[in-house]
Amino acid sequence: MKNKWGKYSFLLAAAFLLILTAGCSGMPVLDPKGPVGESQKNLIVFSIVLMLIIVLTVMVVLTYMLVKFRERPGRGDKDYDPEHEGNTKLEIIWTVIPLIIVTALSIPTVITIYQLEEPPQSSSDKEPLVVHATSADWKWFFSYPEQNIETVNYLHIPTDRAIEFKLSSADSMGSFWVPALGGQKYTMANMRTTLYLQADEAGTYKGRNSNFTGTAFAEQTFDVHAESTEEFQSWVEETQQSAPPLSQDRYDELLAPGLLQEMEFSSTHLQYVDHGKMGSGDYLINRHQDKFEDLPALEGGEDVAND
Amino acid sequence: MMDFLLNEFLVTGDPLIYGAMVSIVLVSIAIVFVLTYFRKWGYLWREWLTTVDHKKIGIMYIIAAIAMLFRGGVDAMLMRAQLTLPNTEFLNSQHYNEIFTTHGTIMIIFMAMPFLIGLMNFVVPLQIGARDVAFPFLNAVSFWSFAFGAMLFNLSFVIGGSPDAGWTNYAPLAGPNLNPGPAINYYLLGLQISGIGTLATGINFMVTILKMRAPGMTLMRMPIFTWSSLITSFIITFAFPILTVALALMTIDRIFGSQFFTLTGEGMPMMWANLFWLWGHPEVYIVILPAFGIFSEVISTFARKQLFGYKAMVWSMLLIAGLSFLVWVHHFFTMGAGAGVNSLFSVTTMLISVPTGVKIFNWLGTMYKGKIRFDTPMLWSLGFIPCFVIGGVTGVMLAMAAADYQYHNTYFLVAHFHNVLIAGTVFGCFAGLTFWYPKMFGHKMNEKLGKISFWFFVIGFNVCFLPMYFLGFMGMPRRTYAIEPEWMPLNVVSTVGAVLMAIGFIVFVYNIYYSFRYSEREKTGDTWDGRALEWATTTPVPFYNFATVPEITGPEAFWKMKQEGGTTYDKDNLEPIHMPSDSGVPFIMSAFMFVAGFGLVWEWMVVAIAGLIGILACMVVRSFDYDHGFHVSVEEIKETEEKAREGEK
C-alpha cells in the first residue's frame, strides 16, 4: 500500500517538475533586464523562500496530526484528551514568530518602495531620459519632449540610463507594464504619475497595458527596443528627419477608440493637449463621444497592429 | 418598436445566448406546468414565498446560492474554454468581457454571500437557543430583495446585454462616457437592491445575537460560528453603506448626468476605486469569517475535542475584522499614491496574516490529542488548511507593494484570490452544508458520493489554479480574452483542472438528489455527536425551535447537556410560545424594487416611479399592520414534541 502511494507521488512530482521547467523558460518577472526589475525579483525570491518554509511547516504539522490522532482500530482512548483546550506558551510562540516574519518582510519592502520612487542608483551619473507614455483606447503614444519626436505602440530607449516615464491616459485607466524591466504603474486621465525604469541589456521587450480597458484591451501592447546610446541617438535623428510632424487633426484622428499600427512623428502631441492636467478628460470625449456607442469586438486574438 | 426590441432590448446574434433564451423559456414553462399540475401554487405561496421562518429562509438562500454557483461556474468554464489555446474564436472579446464580469460579480455577491448568510440564517438562532431572528419580517425582506436583485442582474444576459467592466466596475471605464447603454446600470441596480437586503441582514443578526441568546449564554460561551456571524454582521453594517453610497453616486452619474466619477468635468474616477475597496476589502472578510466559523465547528466536532484556544480564536477574528477596514489601498498600490502611503498599507496588510496564522495553528492544535473522524464535512475542512495557507502566503507576497508592482493585474493575483476564496469560502460552504444538512433535511448526504466530489473538486482546484501563479510570472494579464502561444501549456493544465472541479460540483449536486431518494432518515437530532445547541433540537426542527430554552452554564452547551443531563423539552415547564405571523409583503415589496430597478436600468422613469410608489405603498401597509403574531398552545407543543421524539426512545 505504502509503496504504491510512493510511486504515485513520485510520478506526480515528476509531472509537476516537467510542467514547471517547461513553463519556467519564459518568465520575464524572474529574469529581469534592469535594476528596477532586479530589486523586485530579489524581493520576490526572498519572500518565496520564507513563504515556502511556512507552507512546509503547516503541511508537516497537519500530516503529523492526521497520522497520529486519526481514529483507527485498536487505538482506543490512548492519547485522547477531549478536555484539552489550549496552551498559552504555544499560542504565544505562533503569534510571535509570524510577527517576526512580517517584520523581516516589511523592512526590505519599505526600503524598496522608497528606492523605486527615485531613478536607479546605477545610472545616477546621467540625467534620466524623459518619455511621456499616454494610453488611449487601445494604443500607446510615446512622446520624447527633449527630442521632439513621438511614436505609437513602440519605443526606443538607451541602455544603462534611467528612463523617467510620465504616465497619463486620454480615457480609461490603463497600467503601463514592461515585465522584463520592472513593475507597473497606472495611467490615469486628468493626472500624471511617474515611473522609473532602466534596461541594462540591449534587446526587445514586450510591454502592455495590464489594466482592463474594454473590448480591445488584449491588443493594447507595445514593444520596447533597448539599444546602446549611439544606436538610440541615430534612431532619434532618423525619426526627426524622415517622420512627418504630428498635426492636431492627425492626433485627434488617432485618438478615436480603435487599434493602430506602429507609427512615428517628428513632433509631439504635447503642444495640443497635456492629458496629465486636470480638465483634459474632456478632450477625447468632445471629439469621439459618439464612437463609444457601438464598439467592435475582437475575435481569436487577432493582432490588428501587425496585420 | 420592433427595431428597438431586436437591436437594443434583446441580446441577439449569438448562438450561446439564443440557447440560453430557449432554455430559460423552457424551464419557466416546466416550472409553471409542474406547479399547476400538482396544484402546488398555494403550497409555494403559503410555505415559502410568505414565510418568515429563519430556517426556511436559510434554505431558500442556499438553494439560490447553488443555482448562482452553477451560473458562475458555467461562466468560468466558458472562460477556460476560450483561454485554453491561442487564437480561439469561441468567444469574442466583448462576450468574454461580459462573462468574466458576471462570473466575478455573481460568485461574490450572489453566491458566496447568500450561501453563508443562508447557513447563518439556519444555524445561528438554533445555536443561541432563540426561536427566530430579532426581526423575522425584515429577514424575509432581506432574502427577497437579494433574490430580486440577483434576478435583475441575471436578466441582463438576455435583455440589454451584461455588464462588461469587471466586477470592480472601475470608473471611468464604467462611466457614462466610455460605456453608454443599460449594461452597467444592471450592475449598479442589481447590487443596490440586493445590497439593501444584505445590510438589513447585518443589522438583524447583530441584534439577534446580542439580544436573543438563551439565559446564561454569555458572549464568551457562544459557539464559535455564532461569534463569526456576529463579527461578520458588524462588518456588514459598517461596510455596506459605503457600497450603497458609491453605487448611488455612479447611478446618478449615469442616469442623471452628474460628474462624481466621470472622465469629463471635474469627476474623480479614482474616488470610485477608493470607495469600492473601502467596502470591497471588508467584503472579503464578510465571506471568509463565517467560513472560519464553520471550519472551527467542524474540526472540533470531528476531532471530538474542544476548540483549541477559543479566546484566541475570537480575538483574532475581531482583529481581522478591525484590520480589514485599514488595508483597502493594497488593491491599487500601482496608482502612485506615494511611498509613505504604500508602505503603511503594505504593513497593515501583512499584519492580517498574524491573527490568520494564529487561527490556522489553533485548528491544528484542536486536532492534537483528538480522535479524528474523516466524514465529508471534515474532509472539506482538512482540505481547506493547506490550500488556504498557499493562498494566504501569496497574499502576503502581494502585500509587499514593491513586489506587487510586478504581480498586480496578472494571473498571480487571479491565482491568489481563488486560492483564498475557493479554499476558504467555497470549501467552507460545502463543509457547512454537508455538516448541517441532516439538521435541515432529516438525512445525511451520501458519504461515498461526498468523498468522490471532494477529491475531484480539491485536486481539480489545485491543478486549475497553481499553474496560474507561474502564468503571472510569465506576464499574462488578467481579463485578457486571448492568450499568447508561450502561455499555452500551463493554460491547458489549468483547463483540465477546471473540468475536474466541474465534475466535482456535478457529483455534489447529484448527491443532493441521491441522498433525498436513498439516504437513511435521521432518528435523533444529534447526527455527528455535536457540541453546540443546534444539535439539541429534534430533526426535523419544529418551527418554534425549542419547546423550552435550556439554562446555559458553560461553553459547548449541548456537550455539557449530554454529560449532565438536560433537555430542550422540559415537560413540566411548558408555556405558550409567541411566534411571528407569515407575510406576503416582503415578497411583493421586493418585486416592486425589481420593477423600479428595471425602470432605472432602461431610464424609463414612468416605470421607475411606479415601482417606487409600490415600495412606499408596501411600507405603509406594513406600518399599519397590527398583527403581532400568534401563540403556540402547550397542547400543540406537546403533540409536536412527542411525535418528533418517538425515535429517541
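Colleague: What makes you say that α8(B) bends at A239(B)?

Modeller: The model is predicted, and the angle is computed from it. One axis is fitted to the seven residues ending at A239(B), another to the seven starting there. For α8(B) the angle between them is about 30°. A proline, P241(B), follows within four residues.

Colleague: How do you know what span to expect for helix α8 of chain B?

Modeller: The expected span is 1.5 Å times one less than the number of residues. Helix α8(B), residues 224-256, has 33 residues, which gives 48 Å. From first C-alpha to last, α8(B) reaches 47 Å, close to that value.

Colleague: What comes just after α8(B)?

Modeller: G257(B), with a positive phi of about 80°.

Colleague: Why is α8(B) called largely enclosed?

Modeller: Buried means under 20% relative accessible area. In α8(B), 24 of the 33 residues are buried, so the rest of the structure largely encloses this helix.

Colleague: Which UniProt feature covers residues 39-553 of chain B?

Modeller: The unreviewed entry lists "domain: Cytochrome oxidase subunit I profile" there. That span is 68% helix and 0% strand. Its end C-alpha atoms lie 49 Å apart.

Colleague: Now chain A. What does UniProt list for residues 126-238 of chain A?

Modeller: "Domain: Cytochrome oxidase subunit II copper A binding", again from an unreviewed entry. Here the chain is 9% helix and 53% strand, with the end C-alpha atoms 23 Å apart.

Colleague: What is the strand order in the open sheet of chain A?

Modeller: Six strands, β8-β5-β1-β2-β3-β11, with mixed pairing.

Colleague: Why are β8 and β11 of chain A called edge strands?

Modeller: β8 (193-197) and β11 (263-265) each have a single partner strand, so one side of each lacks a neighbour in the sheet. On average, neighbouring strands of this sheet are turned by 20° against each other, direction ignored.

Colleague: How do you know that β1 and β5 of chain A pair?

Modeller: Pairing needs at least two bridges. Seven bridges join β1 (129-136) to β5 (163-169), so under that definition these parallel strands of chain A pair. H132(A) stands opposite K166(A) in β5(A).

Colleague: What makes you say that helix α5 of chain A packs on the sheet?

Modeller: Contact means heavy atoms within 4.5 Å. Helix α5 (248-255) touches β1, β2, β3 and β11 of chain A. Its direction makes about 145° with that of β2(A).

Colleague: How many residues of chain A count as buried?

Modeller: 50% of its 307 residues. Chain A has six helices and eleven strands.

Terms used:
Residues are numbered from 1 along each chain as its sequence is written. Chains are lettered from A and ligands numbered from 1 in the order in which they are written. This is a predicted model: local features need pLDDT of at least 70, side-chain atom pairs count only at pLDDT 80 or more; totals for chains, interfaces and linings use all residues. Side-chain values use heavy atoms; hydrogens and water are left out. Helices (H or I, at least four residues) and strands (E, at least two) are DSSP runs, numbered from the N terminus. Buried means under 20% relative accessible area, exposed over 50%, partly exposed in between (1.4 Å probe, protein chains only). UniProt positions are given in the numbering used here, feature names are shortened, and annotations may be inferred rather than shown by experiment. Axes are lines fitted to C-alpha atoms, for helices over the stretch in contact, and angles run from 0 to 180 degrees between N-to-C directions.
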